Amino acid sequence: WFQTDQYVTVAIFAKGITEDRLEVKVGRQNLAVNVRVDESTDYTLDMILAHPIDPDDSPHRILKTKVEIQLKKATAVRWETLEKQDGAESSNPNQRVYPSSNRRNPVDWDRVEAEAVKEDAEDKKEGDQALNELFQKIYADGSEETKRAMIKSFQESGGTVLSTNWDEIGAKETEVKPPEGMEYKKWND
């Protein structure tokens, strides 16, 4: 057997095989082949595959010296073995594969991502950035009434008021309250 990024190809070497002497059954993670070599000899291959495949896109073809069965990989992972090993897990659904032109020293992008997420979590936000993050968290975690109150108060006050109390904000128009020492002017005044 051999593999590419998309297919695993299983070759059974036998001369003069015809379609009526070949039976191929392909399942999500199994392969069964029966070849009638001659009147008294059958060759049978029945295995559980190491990883899942797409049985609908797994054709076979008969050549002069062999039968080739192409198994379409469900995920583009490199198979270490063709057959599932005892006690081994099938494919890891969380395993991700990244294309790389660097074959000698491939980058583990999952590790790089984990480090970046860890650094972001450790960074302490300050000033406006911290306040903005707090408001985003309140909005994301809030109920529909809280979100409605935040939007209405912010828009009606020209960005000078931000309230989460819908009972108070929904009852009347929100007044503009500029910061102390400042004066609010409309843009067309």
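## A partly exposed phenylalanine and its patch

In this predicted model, F154 has a relative accessibility of 45% and therefore counts as partly exposed. A residue is called partly exposed when its value lies between the limits for buried, under 20%, and exposed, over 50%. F154 is located in helix 3, which covers residues 144–156.

F154 belongs to a nonpolar patch on the surface, together with L131, L134, F135, I138 and L162. The accessible area of these residues together is about 490 Å². Helix 2, spanning residues 127–141, supplies the largest share of the patch, namely four residues.

## Salt bridges within helices

The structure contains seven salt bridges. One of them lies in helix 2, where the side chains of K137 and D141 meet. The distance from N to O in this pair is 2.8 Å. Because K137 and D141 are four residues apart in helix 2, about one helical turn separates them. K137 counts as exposed, with a relative accessibility of 53%, and D141 likewise counts as exposed, at 55%.

In helix 3, K152 forms a salt bridge with E156, and their closest N and O atoms are 3.0 Å apart. These two residues are also four positions apart in their helix, so about one helical turn lies between them. What is the relative accessible area of K152, and is this residue buried or exposed? K152 has a relative accessible area of 17% and is therefore buried, since the limit for buried is under 20%. Its partner E156 counts as partly exposed, at 29% relative accessibility.

## Other salt bridges

R78 and E80 form a further salt bridge, in which the closest N and O atoms are 3.6 Å apart. R78 has a relative accessibility of 59% and so counts as exposed. E80 counts as exposed as well, with a value of 63%. Both classifications follow because exposed means over 50% relative accessible area.

Salt bridges can also be linked to one another. R61, K66 and E68 are connected in a network of salt bridges.

## The antiparallel sheet

The model also includes an open sheet of three strands, arranged in the order 3-4-5 with antiparallel pairing. Strand 3 (22–26) and strand 5 (41–48) are at the edges, and each has a single partner strand, so one side of each is left without a neighbour in the sheet. On average, neighbouring strands of this sheet are turned by 5 degrees against each other, direction ignored.

Strand 3 pairs with strand 4 (residues 30–38) in the antiparallel sense, over five bridges. Which residues of strand 4 are the bridge partners of E23 and L22? The bridge partner of E23 is N34, while that of L22 is V35. A hairpin of three residues joins strand 3 to strand 4.

Strand 4 and strand 5 run antiparallel and are joined by eight bridges. Here V35 stands opposite Y43 in strand 5. V35 therefore has a bridge partner in L22 and also faces Y43, in keeping with the strand order 3-4-5 and with the single partner strand of each edge strand. The hairpin that joins strand 4 to strand 5 passes through two residues.

Definitions and conventions:
Residues numbered from 1 in each chain as written. Predicted model: local features only at pLDDT ≥ 70, side-chain atom pairs only at ≥ 80, totals over all residues. Heavy atoms only, no water. Patch = residues over 30% accessible without salt bridge, like charges linked within 9 Å, V, L, I, M, F, W, Y side chains within 5 Å. Areas by Shrake-Rupley, 256 points an atom, 1.4 Å probe, with all protein chains shown as cover. Salt bridge = Lys/Arg side-chain N within 4 Å of Asp/Glu carboxyl O. Buried < 20%, exposed > 50% of the residue type's maximum accessible area, 1.4 Å probe, protein only. Pairing = 2+ DSSP bridges. Axes fitted to C-alpha atoms, helices over the stretch in contact; angles between N-to-C directions.
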